[in-house]
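Trainee: Got a minute? I'd like to go through this structure with you.
Mentor: Sure. Have it open in front of you and ask away.

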Amino acid sequence: MNNELSKQIVKHFRDLHFGGNWTSVSLKEALEDVNWEQATTTIQDLNTIAVLVYHVNYYVSAVLKVLEGEPLDASDKLSFNLPPISSEAEWEALKNKTFSEAEQFATRIEQLDDTRFFEEFIESKYGNYYRNITGIIEHTHYHLGQISLIRKMLSQTVVQ
């Protein structure tokens, strides 16, 4: 089995979620000291940190199911529909789900033969597996930047 590409992609994905990536910022590190009140605080008209975590995980979860042999069942319009979070336990549950599914996703990527990356993903309109998997990485980096900025804004709001 040829899986050099999958090894590189899975490293990139894991480093983004758990640490060690080129930007020196991971999702896990960015969320470590964020409590549920901070995670659900709205700053200006931005999404909350909790909504962004839910949104990022929404796509990981949807593609994970495809990698497990299930049909694609996702809708962009539902990707921000975070159920209310009203306790630290609910916030921890969201983070745990996010990181658990990220690891499951990484494990599934590791199992792919490199040729699979260039096969059609569900339908031709979605492109290939490579486009979808690397797209999730790009998407997560984008929202990780937002989370980092919102954290900074929250800390400045508290200090003032």
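Trainee: Which residues lie nearest the centre of the largest pocket?
Mentor: Keep in mind that this is a predicted model. Tyr 59, Leu 72, Asp 76, Tyr 126 and Asn 132 lie nearest the centre. The lining has 15 residues in total.

Trainee: Which elements give two or more residues to that lining?
Mentor: Those are α4, residues 49-67, and α6, residues 129-159. The largest share comes from α6, with five residues.

Trainee: And what volume does the largest pocket have?
Mentor: About 380 Å³.

Trainee: How does its lining split by class?
Mentor: Eight residues are nonpolar, four are polar and three are charged.

Trainee: Now the second largest pocket. What is its volume?
Mentor: About 220 Å³. Its lining has 15 residues. Tyr 54, Asn 57, Tyr 58, Ser 61 and Lys 97 lie nearest the centre of this second pocket.

Trainee: Which element gives the most there?
Mentor: That is α4, with six residues. Helix α5, residues 88-110, supplies at least two. By class, the lining has nine nonpolar, two polar and four charged residues.

Trainee: New topic: rings. How many aromatic pairs does the structure hold?
Mentor: Six. Take Phe 13 and Phe 105. Their ring centres are 4.7 Å apart and their planes meet at 35°, so the pair is tilted.

Trainee: Where do those two sit in the chain?
Mentor: Phe 13 is in helix α1, residues 4-18, and Phe 105 is in helix α5. They are 92 residues apart, so the pair links distant parts of the chain.

Trainee: Is Phe 13 buried or exposed?
Mentor: Phe 13 is buried, because its relative accessibility is 0%. Phe 105 is also at 0%, so Phe 105 counts as buried too.

Trainee: What about Phe 18 and Phe 99, how are their rings placed?
Mentor: The centres are 5.7 Å apart and the planes are at 50°, so this pair is tilted. Phe 18 is in α1 and Phe 99 is in α5, 81 residues apart.

Trainee: Why does Phe 18 count as partly exposed?
Mentor: Because its relative accessibility is 31%, and partly exposed runs between the 20% and 50% cut-offs. Phe 99 is at 11%, so Phe 99 counts as buried.

Trainee: Which charged end sits over the ring of Phe 99?
Mentor: That of Lys 28, at 4.7 Å from the ring centre.

Trainee: Last one. Which residues form one aromatic cluster?
Mentor: Tyr 54, Tyr 58 and Tyr 59. You have met them already: Tyr 54 and Tyr 58 lie nearest the centre of the second largest pocket, with others, and Tyr 59 is among those nearest the centre of the largest one.

Notes
Residues are numbered from 1 along each chain as its sequence is written. This is a predicted model: local features need pLDDT of at least 70, side-chain atom pairs count only at pLDDT 80 or more; totals for chains, interfaces and linings use all residues. Side-chain values use heavy atoms; hydrogens and water are left out. On a 1 Å grid over the protein atoms alone, a cavity is a set of points where a 1.4 Å probe fits but cannot get out, and a pocket is an open set with protein on both sides within 12 Å along at least five of seven lines; lining residues have an atom within 4 Å of a point. Grid points are joined across faces, edges and corners, and a volume is the space filled by probe spheres set on the points. Helices (H or I, at least four residues) and strands (E, at least two) are DSSP runs, numbered from the N terminus. Ala, Val, Leu, Ile, Met, Phe, Trp, Tyr, Cys and Pro count as nonpolar, Asp, Glu, Lys and Arg as charged, and the others, Gly among them, as polar. Rings of Phe, Tyr and Trp (its six-membered ring) pair if their centres lie within 6.5 Å; planes under 30 degrees apart count as stacked, over 60 as edge-to-face and the rest as tilted. Buried means under 20% relative accessible area, exposed over 50%, partly exposed in between (1.4 Å probe, protein chains only). A charge sits over a ring if NZ of Lys or CZ of Arg is within 6 Å of the ring centre and within 35 degrees of the ring normal.
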